[in-house]
Amino acid sequence: MNTKKPILSLVKERIVLLDGAMGSVLIDLGLEPGTPPESWNVTYPEKIQGIHLGYFNAGSDAVLTNTFGGSGMKLAAHKHGNNVEKYNKKAVELAKAICPENCYVAGDMGPSGAFLPPVGKVTVDDFYNNYLEQAGYLADAGIDFFFIETMVDLKEAEAAVKAAKSISNKPIFASITYQLTKRGYFTIMGDTVPECVKTLEKAGANIIGANCTIGSKEMVDLIALISTETKRPILAKPNAGKPILQSGKTVYPTSVKDFTEDISKIIDKGANVVGGCCGANPEYIVSMRKLRGD
Amino acid sequence: MTFSDECKKAILDGNIELAENLARKVVNGKMEVNEAIDSFSLAIREAGDLFEEGEFFLPELMRSAEAMKAAMTIIHPLLQEGKEERFLGKVVIGTIEGDIHDIGKTLVASMLSAEGFEVFDLGADVPVESFIEKAIEVNANLICISALLTTTMVGQKRLIDLLKERGLRDKFKVLIGGAPISKTWVEEIGADGSAENAVSAVKLAKKVLEI
């Protein structure tokens, strides 16, 4: 029987290291445009496991299941809407099978790709039901905690947190993606940092933070701002800079060294849980390993 | 409040009903058509500026574009009667095959349509051939191709290559968009341009069509 301590206890003791990117690594491995990454849980399970293992070996305390786009609404856009149960359960199974004894598997849930009016046509109830379904499969399959991330709309994030909370007592990490405008950090829908933090706290998120869109450098001040708004632990998972295409290849410009230095500053500003998003491969995690403080 | 001020209020508030009422003044002959269009255009440009400044976000800009579209839908038939010449052009727009991100593309489509372009939005995950077929069918002036992923950006190149192959490159101006698009990429594939956001996309569309 596994005797590892609850993730929320570990967060109180030291910096918890998450994994790096999944999507950009899959693309490097040959994922074709138009193919939902989650389908690889079934077609190339060994590749998905290889990625998880790479992160655990690099020093990640937890990895995120390959289910970022695994909700019904998102998979339906790829015409894979009938595979929600299959892809999500398989994803958890793959990560759990290679998860070291003292490490964790996080059930990843990303945005639905749909929008509320006036931008789109869906409702908050649609969001809620979308995540209720996915969260149910992830929880049943045995994840250690939920990881709700890259949310562009606070209302969608809130619905996801509430849905996860309604069917499970597992911890919930909730992460918004902010853009840096001339007036500061906002979601593309115009939600402010204080609004996001307060709403997610109230909805029941245990850990609150930010990921994607901006690079590690821009995330330093954002985390400082979040830390003034909440007493709860904070997570940060920035990109390795903004991608550029060089001779047909996607390159993320922030070096391992610069990224690690930024993450160190992000920790100084109050983050307790750190990792990398797009462009951050296991090399980045290896370098960040020393920041765990154990 | 002047007509122009009212237009500004209608567009910036995203008030469709007010925008429609103002547009009807043109239909009823109470307002000169070009003057009305200028007032509306000024207002939507201000919405765009607010977006660029970080004062407006997606919902506000969408509401403004919807109000603008509602007004233009009423005014447009008057233009087609041939009384006035203010035809901006036809645009075929879509997100490239393999890419299902369509929010940026939809925003550009709304802004173009709000400005007075006739827009044919093909949606997301659109095959290269469909862009070209539609552009020929409607005799478009402009093709706009969105790609949010670095992996789907190559579709933008394929489209331009195919236009060249078929001897159609000179028939259409081609603009490309999407988060990872750089100036180098525009030059590398021989597109006519790319804009930072939906607001500058409209400016660019007018520039390349010499309007």
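This report looks at strand 5 of chain A and its surroundings in a predicted model.

## A strand covered on both sides

Let's start with strand 5 of chain A, which spans residues 172–176 and is mostly covered, with 5 of its 5 residues buried. Side chains in a regular strand alternate between the two faces of the sheet. Here, one side carries A:Ile172, A:Ala174 and A:Ile176, while A:Phe173 and A:Ser175 sit on the other, and all of them are buried.

## The neighbours

Strand 5 of chain A has a parallel partner in strand 4 of chain A (residues 145–151), with 4 bridges between the two. In that pairing, A:Phe147 stands opposite A:Phe173. Add helix 8 of chain A (residues 154–167), and strand 4, helix 8 and strand 5 make a right-handed β-α-β unit.

Strand 5 of chain A also runs parallel to strand 8 of chain A (residues 207–215), again joined by 4 bridges. There, A:Phe173 stands opposite A:Ile207.

## Into the core

A:Phe173 turns up once more in the largest nonpolar core, a set of 90 residues. A:Phe173 is among the residues with the most contacts inside that core, a list including A:Phe146, A:Ile148, A:Ala160 and A:Val161. Helix 8 of chain A supplies the largest share of this core, at 7 residues. Apart from this core lies another one, of 75 residues, including B:Ala36, B:Ile37, B:Val119 and B:Val126.

What does A:Ile148 touch, leaving out residues up to four places away in sequence? Its contacts include A:Ile172, A:Phe173, A:Ala174 and A:Ser175, along with A:Met109, A:Ala157, A:Ala160, A:Val161 and A:Ala164.

Notes: Residues numbered from 1 in each chain as written. Chains lettered and ligands numbered in written order. Predicted model: local features only at pLDDT ≥ 70, side-chain atom pairs only at ≥ 80, totals over all residues. Buried ≥ 20, exposed ≤ 12 C-beta atoms within 10 Å, placed from the backbone. Pairing = 2+ DSSP bridges. Right-handed = clockwise from strand over helix to strand, strands pointing away. Core = buried A, V, L, I, M, F, W, Y, C linked by C-beta atoms within 7 Å. Contact = placed C-beta atoms within 7 Å.
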